[in-house]
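Student: I would like to learn how to read strands, helices and voids in a model. Can we work through an example?

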Amino acid sequence: MKQASLEHLLTSNPYPGRGIVIGKSPDGGCAVTAYFIMGRSVNSRNRVFVEDGEGIRTKAYDPAKLSDPSLVIYAPVRVLGNKTIVTNGDQTDTIYTCMDRQQTFEQALRTRTFEPDAPNYTPRISGILHIENGGYNYAMSILKSSEGRPESCSRYTFAYENPIAGEGHLIHTYQGDGDPLPSFEGEPVRIGISGSIDAFTESVWNSLNEENKVSLFVRYIQIADGKYETRIVNKNQ
């Protein structure tokens, strides 16, 4: 797969939905991850990211406008030892709990399916970064309805060992806008990662559709010692 421009992928798609980026910094010293959310409805747009321990959670910006918390309020990022979990829903907690009981990433996701939001049946996308003894690998997953049929779930996991410096992968929920929303297709897209955490954060945020973007989380984790820096950008201030 030819490397694509993350900025071009995002600017050319008005509604990728929720997205996960995982990769490695250009100097090879940091594991990189980003998670963004977008929204079309008042309920979806009425959110911010807030820090929660070593992870983050979504929170209603205006509690009075929160009509249904079931699919919009969750912890997108949690940390379990040397593992960082990033997902687009409450399967973050499922992965955390199962892996804490010595089960695998794949085993945890076997207990879940796509979101019950007919007719979209939004895919559940998940990622995990594992840093240990100066080494780094990551995996990404998507659980999606088979051709939009709610009775059938397609499960895909993609694993990346010793990733290349300055590269990563993007996976997101929707191919673009539509009614119903068309699910992401294919494997995670190989993308380039460049710049410092601040430059990368600014580039991703500015590439997201101005009307639909809601929040962005970015983290750079030092592979040598696990120390990290985090950036959070919320449209609602």
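Tutor: We will take strands, then a helix, then the cavity and pockets. Keep in mind that this is a predicted model.

Student: Is strand β8 (residues 135-146) enclosed or open to solvent, and why?

Tutor: Count the residues under 20% relative accessible area, which are the ones called buried. Ten of the twelve residues of β8 fall in that class, so the strand is largely enclosed by the rest of the structure.

Student: Which strands pair with β8, and in what sense?

Tutor: In a regular strand, side chains alternate between the two faces of the sheet. Here, β8 pairs with strand β7 (residues 124-132) over nine bridges, in the antiparallel sense. Strand β9 (residues 149-161) also runs antiparallel to β8, joined by ten bridges. To follow one position across, take Tyr-138: its bridge partner in β7 is Leu-129, and in β9 it is Tyr-160.

Student: What should I look for in the turns of the two hairpins?

Tutor: Check the backbone phi. Two residues separate β7 from β8, and Asn-133 in that turn has a positive phi of about 50°. The hairpin of β8 and β9 likewise has two residues between its strands, with Glu-147 at a positive phi near 55°.

Student: How are the buried residues of helix α3 (residues 91-100) arranged around its axis?

Tutor: An α-helix has 3.6 residues a turn, so residues three or four places apart point the same way. In α3, the buried residues are Gln-91, Thr-92, Thr-94, Ile-95, Cys-98 and Met-99. These cover an arc of only 160° around the axis, which puts them on the same side of α3. They pack against β5, β6, α4 and β7. Just after the helix, Gln-102 takes a positive phi of about 70°.

Student: How many cavities of 30 Å³ or more are there, and what lines the largest?

Tutor: The count is one, and the space in the largest cavity is about 40 Å³. Its lining includes Ser-70, Asn-88, Glu-115 and Arg-124. By class, the lining has three nonpolar, three polar and three charged residues.

Student: And which residues lie nearest the centre of each of the two largest pockets?

Tutor: The largest pocket holds about 380 Å³. Of its 20 lining residues, Arg-18, Ser-41, Ser-44, Val-72 and Asp-117 lie nearest the centre. The second largest pocket has a volume of about 330 Å³. Of its 19 lining residues, Lys-144, Ser-145, Glu-147, Gly-148 and Ser-183 lie nearest the centre. The elements giving two or more residues to this lining are β8 and β9, and β8 gives the most, with four.

Definitions and conventions:
Residues are numbered from 1 along each chain as its sequence is written. This is a predicted model: local features need pLDDT of at least 70, side-chain atom pairs count only at pLDDT 80 or more; totals for chains, interfaces and linings use all residues. Side-chain values use heavy atoms; hydrogens and water are left out. Buried means under 20% relative accessible area, exposed over 50%, partly exposed in between (1.4 Å probe, protein chains only). Two strands pair if DSSP finds at least two bridges between them. On a 1 Å grid over the protein atoms alone, a cavity is a set of points where a 1.4 Å probe fits but cannot get out, and a pocket is an open set with protein on both sides within 12 Å along at least five of seven lines; lining residues have an atom within 4 Å of a point. Grid points are joined across faces, edges and corners, and a volume is the space filled by probe spheres set on the points. Ala, Val, Leu, Ile, Met, Phe, Trp, Tyr, Cys and Pro count as nonpolar, Asp, Glu, Lys and Arg as charged, and the others, Gly among them, as polar. The arc is that of the directions from the helix axis to the C-beta atoms. Contact means heavy atoms within 4.5 Å.
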